[in-house]
Amino acid sequence: MNNECSDPRACTLHIKKVFQCKIKEDGSWSSGLSRHLDDTSRSRINSWSGAEPGDLLIFAGGPNFNPHSALGQIRLNTANLLESKGIKVREDGFQFLWVDNFPLFLPKENGGDGLESAHHPFTAPHPEDLHLLYSKPELVRGQHYDLVLNGNEIGGGSIRIHDSKLQRYILSDILKEDISELEHLLFALDCGAPPHGGIALGLDRLIAIMCKKDSIRDVIAFPKIMGGKDPLSDSPASISQADMDYYHLKLKTQDGHSE
């Protein structure tokens with residue numbers, strides 16, 4: 001959970017902090033974090049999480065989505081560790097999941113002022129959040145989505161902005177971008193673009209997961225080796241003079257001379 005505690009040392013804003021505490025038999029916590037929370041707060045956390053004596057609670061604090069990333073990595077590492085010891089954690093079969101309602105904007109990663117696009121600057125805002133765009137843009141949800149299979153992202157896409165005024169406002173007023181190089185896009189939108197969107201799937205990754213392979217190289221028809229060489233077609237390769245003559249080809253050096 002993204003915990004806000006009273007100890008400034010435990011909630012340093014420029015880095016992420018991770019804490020763990022074990023639930024004792026009497027329901028108390030064996031962690032220094034417990035002294036920064038009152039009994040009511042600890043009881044509510046125990047109730048919300050369903051924690052029982054012997055369980056381990058892990059908390060993360062920090063700016064933006066750093067706590068989410070830290071806890072997600074801990075979750076995956078824990079599952080890998082348990083399964084390496086023969087303890088089954090993951091379910092069999094194909095578990096698909098749609099992820100949506102992402103924030104449209106995020107604070108800049110470098111800590112600077114302002115916002116940046118969570119997906120890309122052409123993603124349409126959620127219709128229900130349009131009124132927030134001009135007052136609290138950090139609360140606006142975006143219409144982009146990811147498709148996940150067994151914990152791995154296999155595709156993603158978005159509904160695009162098709163209104164020129166809205167696109168111009170997001171680029172110039174919210175993202176503070178120079179739109180001079182995008183005038184052709186804004187002109188095209190002014191001509192009347194219909195609502196549109198799409199999705200792209202990582203076919204190699206999808207097939208690798210379905211075939212239970214650790215690398216997409218195991219499912220790619222023509223995988224490359226070091227140096228970008230394809231051992232199946234023996235490419236890239238030099239062209240024989242006979243083939244060049246047949247197709248009326250000539251090789252030229254960088255200085256423009258024919259070989």
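**Exercise 1.** In this predicted model, determine in which helix Asn46 is found, and establish whether Asn46 is buried or exposed.

*Solution.*
Step 1. Asn46 belongs to helix α1, which comprises residues 39-49.
Step 2. The relative accessible area of Asn46 is 15%. Buried means under 20%, so Asn46 is classed as buried.
Step 3. The side chain of Asn46 makes a polar contact of 3.1 Å with the side chain of Trp29.
Step 4. With neighbours within four places in sequence left aside, Asn46 is in contact with Ile23, Gly27, Trp29, Ala51 and Leu57.

**Exercise 2.** Describe the sheet that contains β4, β7, β8 and β9: state the strand order and the sense of pairing.

*Solution.*
Step 1. The sheet is open, its four strands follow the order β4-β7-β8-β9, and the pairing is antiparallel.
Step 2. β4 (96-99) and β9 (197-201) are the edge strands, each pairing on one side only.
Step 3. On average, neighbouring strands are turned by 15 degrees against each other, direction ignored.
Step 4. Five bridges join β8 and β9 in the antiparallel sense; Gly157 has Ile199 in β9 as its bridge partner.
Step 5. Helix α5 packs on this sheet and touches β7, β8 and β9, with its direction at about 145 degrees to that of β8.

**Exercise 3.** Explain why Leu206, Ala208 and Ile209 lie on the same side of α5.

*Solution.*
Step 1. These three residues of α5 (residues 203-210) are buried.
Step 2. They lie on the same side of α5 because they cover an arc of only 165 degrees around the axis.
Step 3. The buried residues of α5 pack against β7 (144-149) and β8 (152-159).
Step 4. Just after α5, Lys212 adopts a positive phi of about 60 degrees.

Note on methods: Residues numbered from 1 in each chain as written. Predicted model: local features only at pLDDT ≥ 70, side-chain atom pairs only at ≥ 80, totals over all residues. Heavy atoms only, no water. Helix = DSSP H or I, 4+ residues; strand = E, 2+ residues; numbered from the N terminus. Buried < 20%, exposed > 50% of the residue type's maximum accessible area, 1.4 Å probe, protein only. Polar contact = N/O pair within 3.5 Å; in protein donor to acceptor, adjacent residues only side chain to side chain. Contact = heavy atoms within 4.5 Å. Arc of directions from axis to C-beta. Pairing = 2+ DSSP bridges. Axes fitted to C-alpha atoms, helices over the stretch in contact; angles between N-to-C directions.
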